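Okay, thanks everyone, I'll keep this short. Have a look at what's on the screen, and then we'll walk through it together.

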Amino acid sequence: SRVAIIGLGYIGLPTAATLASRGVEVIGVDVNEHAVSMITQGKVHFSEPDLDMLVRAAVMTGKLRAVVTPEPAEAFIIAVPTPLADDKRPDLGYIDAAARSIAPVLEAGNLIVLESTSPVGTSARLSRQLAELRPDLTFPHAAGERSDIRIAYCPERILPGRMVLELVENDRIIGGLTPACAARADQLYRIFVKGACLLTDANTAELVKLTENAYRDVNIAFANELSMICDGMGLDVWRVIELSNRHPRVKILQPGPGVGGHCIAVDPWFIVDGMPEASRLIRTAREVNDSKPLHVIERIRRHAQRFKDPVIACLGLTYKPNVDDLRESPALEITAHIARERLGKVLAVEPHIARLPRELAEFDNLRFCDMSDALAEADIAVLLVDHAEFRAIEAKELLNKIVIDTRGFWRDRLYVPDRYGRAAAE
Ligand code: SAJ
């Protein structure tokens, strides 16, 4: 059997390579010619543990082939981006383009699976779109179980940094536009999924994906709000959380500089957009998390004002630890903001990236710097990402400067373990 995967990004490429590793003939389709040519050489255009090996093997065995235009296949998996437009509404333009690109090669008996995170109703919308493009075929939104084409929504929930593993191990939600659509998609996913495949309807599956990330966002917002309350009260939020979590039914997440990444900071808006009146908590959580970088900037500003020409080291730029991904990163936002506002001379440290990111290139008061040089020079050290590399920093390197630790990562270095758990630094 032959499977075409439309979109060779963070989700599509690992899925394509994994299916190929199970002996399926896979055609990877992407409009990005650079990505296609990299994959054709057995290389990967973004970094993710173990993915390069998997892709190289899939290409070398001839099971995975990357192309720019879709070819006929038995199943099509659509894994294209669904970004948030400036008005906080979902932009389904890439799904529309994917629909137009596969429509000409569709044949009766084909399965189409949408994997992109999507607002509720998008799979049904895709069915209607394709029906307009291919009036000679019948689709499940209208023909139900008698349709020529099967359509299902199967969201992805793999964690960046653990994708290759989680793609196989995680349970999978399979939402069919009809029961036969779900059953057909189930057959495809069972080829490589070791976790359970749980069948439901497409709308439910769409909301499940959004719910998972909204749930995490709301819980992180609780931690972030608590951190702002504690800053106002002069209390140590990590101690408050640690002690609260000793209650058998309390499990608070960790505060940080804000919420980044292309999922958690985006997906909850898809729920808000669909049901604005009903989603007050979800919207507020988004706003709380989006306000956290401003709170960190205000703390930096307060300290910087006490120096004549402060040197501020920003440690970490990525959206979370031990990855090289800068998308929606609050650390990057904070670093750019303090440079733009000219709060001081800014030293940007990011061990996971080789050179200064484009977003920071415009600032003449900002320099890309390695960890030890930055610490030697800085008056203020701001820990923005809890990368493993920063564990190596010793207490004595921090003691002569102002430390703003947004992750509670250096607590053990900065805090005197007196019986009140009070901070020694700051
Ligand atoms: N964060 C905190 N405090 C915490 C946990 C996370 O501030 O206690 C921050 C992180 O620093 C980061 C952001 O939240 O900025 C998101 O990080 P994450 O590790 O929670 O999640 P992502 O965005 O890398 O991946 C999420 C995952 N979803 C859930 O855990 C519910 C992943 O399983 C999904 O596949 C992915 O979104 C996706 O693609 O939707």
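So, to start: in which sense do strand E1 and E4 pair, and over how many bridges? They pair in the parallel sense, over four bridges, with E1 being residues 2–6. Before I go on, do keep in mind that this is a predicted model.

Let me stay with E4, residues 75–78, for a moment, as both of its faces are covered. Ala 75 and Ile 77 are buried on one side, and Phe 76 and Ile 78 are buried on the other. That pattern fits the textbook picture: in a regular strand the side chains alternate between the two faces of the sheet. On its other pairing, E4 is joined by four bridges to strand E5, residues 111–114, and those two run parallel. Ile 77 is a handy residue to click on here. Its bridge partner in E1 is Ile 5, and Ile 77 also stands opposite Val 113 in E5.

Now, zooming out. The chain is divided into domain 1, which is 2–195, and domain 2, which is 236–414. Their centres, taken over C-alpha atoms, are separated by 34 Å. Ten residues from domain 1 and eleven residues from domain 2 make up the contact. If you look at the domain 1 side of that contact by class, you get five nonpolar, three polar and two charged residues.

Over in domain 2, have a look at strand E12, residues 380–383. Ile 380 and Val 382 are buried on one side, Ala 381 and Leu 383 on the other, so to speak a strand with both faces covered. What does E12 pair with? Strand E9, residues 311–315, pairs with E12 in the parallel sense over four bridges, and there Ala 313 stands opposite Ala 381. Strand E13, residues 402–405, is joined to E12 by four bridges as well, and runs parallel to E12. In E13, Ile 404 is the bridge partner of Val 382.

Okay, helices. Which residues of helix H3, residues 51–60, are buried? They are Leu 54, Val 55, Ala 58 and Val 59. Look down the axis of H3 and these buried residues fall within an arc of 125°, so they line one face of the helix. The general background is that an α-helix has 3.6 residues a turn, so residues three or four places apart point the same way. As for what covers the buried residues of H3, that includes helix H1 (12–21), helix H2 (33–40), strand E3 (64–67) and helix H7 (163–169). Just after H3, Gly 62 takes a positive phi of about 80°.

One proline to flag: Pro 268 lies in helix H11, residues 267–274. Is Pro 268 buried or exposed? Buried, because 28 other C-beta atoms lie within 10 Å. Leaving out residues up to four places away in sequence, Pro 268 touches Asn 213, Ala 214, Asp 217, Ile 282, Ala 285 and Arg 286. Take Ala 285: it is 17 residues from Pro 268 along the chain, and their C-alpha atoms are separated by 9.0 Å.

Last stop, the ligand. It is surrounded by 19 residues, and the closest are Leu 253, Gln 254, Gly 256, Gly 261 and Cys 263. By class, the shell has nine nonpolar, five polar and five charged residues. And domain 1 and domain 2 each give at least three residues to that shell.

Note on methods
Residues are numbered from 1 along each chain as its sequence is written. This is a predicted model: local features need pLDDT of at least 70, side-chain atom pairs count only at pLDDT 80 or more; totals for chains, interfaces and linings use all residues. A residue is near a molecule or strand if its C-beta atom, placed from the backbone, lies within 6 Å of it. Ala, Val, Leu, Ile, Met, Phe, Trp, Tyr, Cys and Pro count as nonpolar, Asp, Glu, Lys and Arg as charged, and the others, Gly among them, as polar. Domain bounds come from an automatic or database domain assignment. Two residues are in contact if their C-beta atoms, placed from the backbone, lie within 7 Å. A residue is buried if 20 or more other C-beta atoms lie within 10 Å of its own, exposed if 12 or fewer, and partly exposed in between; C-beta atoms are placed from the backbone. The arc is that of the directions from the helix axis to the C-beta atoms. Two strands pair if DSSP finds at least two bridges between them.
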